[in-house]
Protein chains: 2
Amino acid sequence: MLKEERQHQILDKIKLNRKVLSSDLSIELNVSEDTIRRDLNELSIKGLIKKVHGGALPKESTAPSYEERSSFNLKEKNSIAKKAVNLIKDGQVIIMSGSTTNLQLAKIIPSDINATIYTYSLPIALQLTEHPSVEIIFIGGKLNKAAQVTVGLDVVSSISELRADLCFMGTGGINVANGMTEPDWEVSHIKKCMISASNSVIVLCTKNKLNKVKRYAVSPINKINTIVTDISPDAQIFNPFKEKGVTIL
Amino acid sequence: MLKEERQHQILDKIKLNRKVLSSDLSIELNVSEDTIRRDLNELSIKGLIKKVHGGALPKESTAPSYEERSSFNLKEKNSIAKKAVNLIKDGQVIIMSGSTTNLQLAKIIPSDINATIYTYSLPIALQLTEHPSVEIIFIGGKLNKAAQVTVGLDVVSSISELRADLCFMGTGGINVANGMTEPDWEVSHIKKCMISASNSVIVLCTKNKLNKVKRYAVSPINKINTIVTDISPDAQIFNPFKEKGVTIL
DNA sequence: CATTTTTATGCATTTTTATGCGCATTATGT
DNA sequence: ACATAATGCGCATAAAAATGCATAAAAATG
């Protein structure tokens, strides 16, 4: 394996796990710990990581504002993102909604994935500009400042014209009887379009959204292919979802 | 086999596999590793690949990050932004291009200004989300990662449908004979549309862009209403511009 | 057409790079 | 403070790259 290749994998793993141990890397990449240390040294000189005793961490970023808000439940969101990222295959066309969990997902897409990603979220688009090979299409429209996403008729009509393999979306609430629901009418409408436009619908859902119901319906359960959560997929709470044919991760 | 043919095959293989080993190529293409190395050297000098120990990788854009570029000449850009912001009146419809000077401008728009701002730049849109009262319309399209702006047909056609009071744009170069010029064809085209869509065209121009000429024409001088610079508007260099009816600030 | 010049390639030799190992040194955590 | 783990450094070695030189093919020239 080439040195650069190895260093790339190290970077990917840091993005994914937020920390790496030299010992683990040494085993996984089949090189001595010395080599790993040398790699970490080089990467940290380049400012791409922060080297610490025993391994390395991601370099601290400098944009706290939206980041701070999204840091609520960050650990849960990250664990969801880690599961969800495995669903992405090379060459797919993907739509991503503007949830903060999706932002975590965008951060950890491996650098060797080639995909086309449609999004209407500024932070997600900005994050994806760091990725070397995904093609990003931003869906234009009127900006909702608080959520930093575009909304409105333009967004709805743009998405209606798409055809995607996957869509990843957060949710306001989900239960078996009412399906997915949203507190915001416009958002609910956009998500309806996303679902119609996608072959496979993946809902990213922290446990606090389970069995919640919001004002506006988005979709019945049977249109959802996969729910990715931060708790065990074996929990009994998921049984009624599974009966409807939903995969739980 | 011809040298050029061989180099083409190398490029294809890099695109396909995201890496090549000199040793593999030597066997596959039936030449010595020396020859492969010479090929890789030539290709890397042309900037088509990145040569590394043991083989080569696809060229990674070493373009300085958006942050880096925007901090270059920051003082000048700020003084331009301060002059330009006075041109914005309440209630106007404004188009802003993706220049870093425009980003400075976006930062200092007074909070009591009500305006509708169209932009295709992620950083500018994100900055404007901090503003309490401007309405922001983001123009969607394919993202250019380095510049963090959308480009392409979608952008062109969206802008063509607009009508704006003002447009603010940076420039690749400007002089009296050739007018405004850009190094990038797509950008030049987008700017042409911006000009047609706006009642008043304002060019934000640091002194190092004065009397520079780039490859693609955007507009003759007489379509430009105002040039805002970081040097005194009385400087004699501006006389020929003034004769064409341009206001210098 | 003959011959000179240029180009592409391979080979031998030297230089550089990547990597692992041993050992002394420096953190880290009870 | 002491035991353990992680680190840095020098050295050895193998792999890869650069360099100089020779040669054969291709192109240019008269």
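**Exercise 1. The protein surface at DNA strand D**

Task: Which oxygen of DNA strand D is 3.4 Å from an N or O atom in the side chain of B:His53? Then describe the rest of the protein surface near this strand.

Solution.

Step 1. Start with B:His53. An N or O atom in its side chain is 3.4 Å from a sugar or linking oxygen of DNA strand D. This model is predicted, so the distance is computed from predicted coordinates.

Step 2. Go on to the phosphate oxygens. B:Arg37 places a polar side-chain atom 2.5 Å from one phosphate oxygen of DNA strand D. For B:Lys51, a polar side-chain atom lies 3.3 Å from a phosphate oxygen of the strand.

Step 3. Assign the surface to elements. Two or more residues each come from helix 3 and strand 2 (49–52) of chain A, and from helix 3 and strand 2 (49–52) of chain B.

Step 4. Take the whole set. DNA strand D is surrounded by 18 residues, and the closest are A:Arg37, A:Gly54, B:Arg37, B:Lys51 and B:Gly54. Of the atoms of DNA strand D within 4 Å of the protein, 82% belong to sugar and phosphate.

Step 5. Sort by class. The surface near DNA strand D has ten polar, six charged and two nonpolar residues.

**Exercise 2. The protein surface at DNA strand C**

Task: Which residue of chain B has a side-chain N or O atom 2.7 Å from a base nitrogen of DNA strand C? Add the phosphate contacts and the make-up of the surface.

Solution.

Step 1. Look at the bases. The residue is B:Arg38: an N or O atom of its side chain is 2.7 Å from a base nitrogen of DNA strand C.

Step 2. Look at the phosphates. The side chain of B:Arg6 has an N or O atom 2.7 Å from a phosphate oxygen of DNA strand C. B:Ser32 uses its backbone: a polar backbone atom is 2.9 Å from a phosphate oxygen of the strand.

Step 3. Count the neighbours. There are 16 residues around DNA strand C, and A:Ser32, A:Thr35, A:Arg38, B:Arg6 and B:Thr35 are the closest. Sugar or phosphate makes up 60% of the strand C atoms within 4 Å of the protein, and bases make up the rest.

Step 4. Find the elements. Helix 1 (3–17) and helix 3 (33–45) of chain A each supply at least two residues, as do helix 1 (3–17) and helix 3 (33–45) of chain B.

Step 5. Sort by class. Eight residues of this surface are charged, six are polar and two are nonpolar.

**Exercise 3. Two helices of chain A**

Task: How do helix 8 and helix 9 of chain A lie, roughly parallel or roughly antiparallel?

Solution.

Step 1. Choose the descriptors. Two packed helices are described by the angle between their axes and the distance between those axes.

Step 2. Read the values. The axes of helix 8 (residues 153–160) and helix 9 (residues 185–197) of chain A come within 9 Å and cross at roughly 10°.

Step 3. Apply the cut-off. Angles under 35 degrees count as roughly parallel. Helix 8 and helix 9 of chain A are therefore roughly parallel to each other.

Step 4. List the contact residues. Helix 8 brings A:Val155, A:Val156, A:Ile159 and A:Ser160. They meet A:His189, A:Ile190, A:Cys193, A:Met194 and A:Ala197 of helix 9. By class, seven are nonpolar, two are polar and none is charged.

**Exercise 4. Between the protein chains**

Task: Which chain A residues does B:Leu126 contact, beyond its neighbours within four places in sequence? Also classify the ring pair of A:Phe138 and B:Phe138.

Solution.

Step 1. Place B:Leu126. This residue is in helix 7 (residues 122–128) of chain B. Its contacts are A:Leu122, A:Leu126 and A:Gln148.

Step 2. Turn to the rings. The whole structure has three aromatic pairs. In the pair of A:Phe138 and B:Phe138, the ring centres are 4.5 Å apart and the planes are at 55°, so the pair is tilted.

Step 3. Locate the pair. It crosses between chains, from strand 6 (residues 135–138) of chain A to strand 6 (residues 135–138) of chain B.

Note on methods: Residues are numbered from 1 along each chain as its sequence is written. Chains are lettered from A and ligands numbered from 1 in the order in which they are written. This is a predicted model: local features need pLDDT of at least 70, side-chain atom pairs count only at pLDDT 80 or more; totals for chains, interfaces and linings use all residues. Side-chain values use heavy atoms; hydrogens and water are left out. Axes are lines fitted to C-alpha atoms, for helices over the stretch in contact, and angles run from 0 to 180 degrees between N-to-C directions. Helices (H or I, at least four residues) and strands (E, at least two) are DSSP runs, numbered from the N terminus. Angles under 35 degrees count as roughly parallel, over 145 as roughly antiparallel, 65 to 115 as roughly perpendicular and the rest as oblique. Contact means heavy atoms within 4.5 Å. Ala, Val, Leu, Ile, Met, Phe, Trp, Tyr, Cys and Pro count as nonpolar, Asp, Glu, Lys and Arg as charged, and the others, Gly among them, as polar. A residue is near a molecule or strand if one of its heavy atoms lies within 4 Å of it. A polar contact is a pair of N or O atoms within 3.5 Å; within protein, one must be able to donate a hydrogen and the other to accept it, and residues adjacent in sequence count only if both atoms are side-chain atoms. Rings of Phe, Tyr and Trp (its six-membered ring) pair if their centres lie within 6.5 Å; planes under 30 degrees apart count as stacked, over 60 as edge-to-face and the rest as tilted.
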